[in-house]
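Work through the exercises below with the sequence and the coordinates at hand. Each task is followed by a worked solution.

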Amino acid sequence: MKPNTSIAVSLFLSVMSFSTLAAQPVNNDDQQTLIKQLNNSDLIVENRLYDTSSDQVIIAAGMEMLFGEKIEENKINIIINDLISTAKKYIGTQYRSGGKTPAGFDCSGFTSYIFNQFGYKLSTSSSAQFCDGKHINHHEILPGDLLFFNGREIGSRIGHVGIAISEPDEKGVVTFIHSASSGGIRIDKTSAPYYSSRYKGARRVIH
């Protein structure tokens with residue numbers, strides 16, 4: 001399933017002043033629409049402006065340049081919020097070695113399954129997922145990032161992965177959701193002794 005990109009984002013433009021904005025209707029007829037004022041009731045949908053006064057969706061000159069970055073950021077935030085909400089629905093699901101379905105997950109099976117629901121394909125193991133996306137420093141962690149840990153033996157190769165559901169707090173502690181061999185899908189903190197001694201790094205897949 002690909003991320004839903006048809007999400008309307010309300011833009012509050014009280015700090016900006018536009019006299020007129022030339023725009024071409026989506027139906028490609030020759031008539032042009034002049035927007036004399038952008039107000040709080042106007043919406044952006046995939047870089048298209050919905051002009052509530054004319055009840056018409058238009059492609060506005062310069063819209064992508066003016067708002068494209070902000071719209072993309074909002075879309076990513078919505079995807080991440082939905083991803084975390086979806087992950088939490090499986091809290092209590094049993095751990096199963098090699099499991100990749102709601103019948104039972106191992107750690108990488110869980111992360112792969114959740115990300116795949118939003119159109120992001122991860123590698124099949126925690127050690128391979130440690131190469132997915134891009135490396136981020138600990139203080140840069142955001143909800144939706146992948147957190148990696150050594151296996152049962154401290155200092156061993158990557159053996160566990162979870163999904164951050166918080167930024168680091170003032171002590172650098174991050175809350176994350178994962179499939180643990182004890183307890184299945186659950187929420188833990190990186191400050192727990194078992195995880196703090198095994199933490200190896202973080203990767204960002206959605207960006």
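The exercises that follow concern a predicted model.

**Exercise 1. Overall make-up**

Task: State how many helices and strands the protein has, and what share of its residues is buried.

Solution. Step one is the secondary structure: 4 helices and 14 strands are found in the protein. Step two is burial: of the 207 residues, 42% are buried. Step three turns to the surface, where the accessible area is about 11400 Å² and carbon and sulfur atoms hold 50% of it. Step four is contact range: among contacts with a separation of 6 or more, 53% are between residues 24 or more positions apart.

**Exercise 2. An aromatic pair**

Task: Find how many aromatic pairs the whole structure holds, then describe the geometry of the pair formed by Phe 105 and Phe 110.

Solution. The search gives 10 aromatic pairs. One of them joins Phe 105 and Phe 110, with ring centres 5.4 Å apart and 65 degrees between the planes. Planes over 60 degrees apart count as edge-to-face, so this pair of Phe 105 and Phe 110 is classed as edge-to-face. Both Phe 105 and Phe 110 are buried.

**Exercise 3. A pair between two strands**

Task: Describe the pair of Phe 149 and Tyr 199, place both residues in their strands, and decide for each whether it is buried, partly exposed or exposed.

Solution. The rings of Phe 149 and Tyr 199 are edge-to-face, 5.8 Å centre to centre and with 70 degrees between the planes. Phe 149 belongs to strand S10 (residues 146-150) and Tyr 199 to strand S14 (residues 199-204), so that the pair links distant parts of the chain, 50 residues apart. For burial, the cut-off is under 20% relative accessible area. Phe 149 has 1% and is therefore buried. Tyr 199 has 24%, which makes this residue partly exposed. Finally, the wider setting: ring pairs join Phe 149 and Tyr 199 with Phe 176, Tyr 194 and Tyr 195 in a cluster. At Tyr 194, the charged end of Arg 198 sits over the ring, 3.9 Å from the ring centre.

**Exercise 4. The surroundings of Thr 86**

Task: Which helix holds Thr 86, and is Thr 86 buried or exposed?

Solution. Thr 86 is part of helix H1, which covers residues 63-88. The relative accessibility of Thr 86 is 17%, so the residue counts as buried. A polar atom of the Thr 86 side chain lies 2.9 Å from the backbone oxygen of Asp 82. Setting aside neighbours within four places in sequence, the contacts of Thr 86 are with Ile 114 and Phe 118.

Terms used
Residues are numbered from 1 along each chain as its sequence is written. This is a predicted model: local features need pLDDT of at least 70, side-chain atom pairs count only at pLDDT 80 or more; totals for chains, interfaces and linings use all residues. Side-chain values use heavy atoms; hydrogens and water are left out. Buried means under 20% relative accessible area, exposed over 50%, partly exposed in between (1.4 Å probe, protein chains only). Contact means heavy atoms within 4.5 Å. Accessible areas come from the Shrake-Rupley method with a 1.4 Å probe; for residues, only the protein chains shown count as cover. Rings of Phe, Tyr and Trp (its six-membered ring) pair if their centres lie within 6.5 Å; planes under 30 degrees apart count as stacked, over 60 as edge-to-face and the rest as tilted. A charge sits over a ring if NZ of Lys or CZ of Arg is within 6 Å of the ring centre and within 35 degrees of the ring normal. A polar contact is a pair of N or O atoms within 3.5 Å; within protein, one must be able to donate a hydrogen and the other to accept it, and residues adjacent in sequence count only if both atoms are side-chain atoms.
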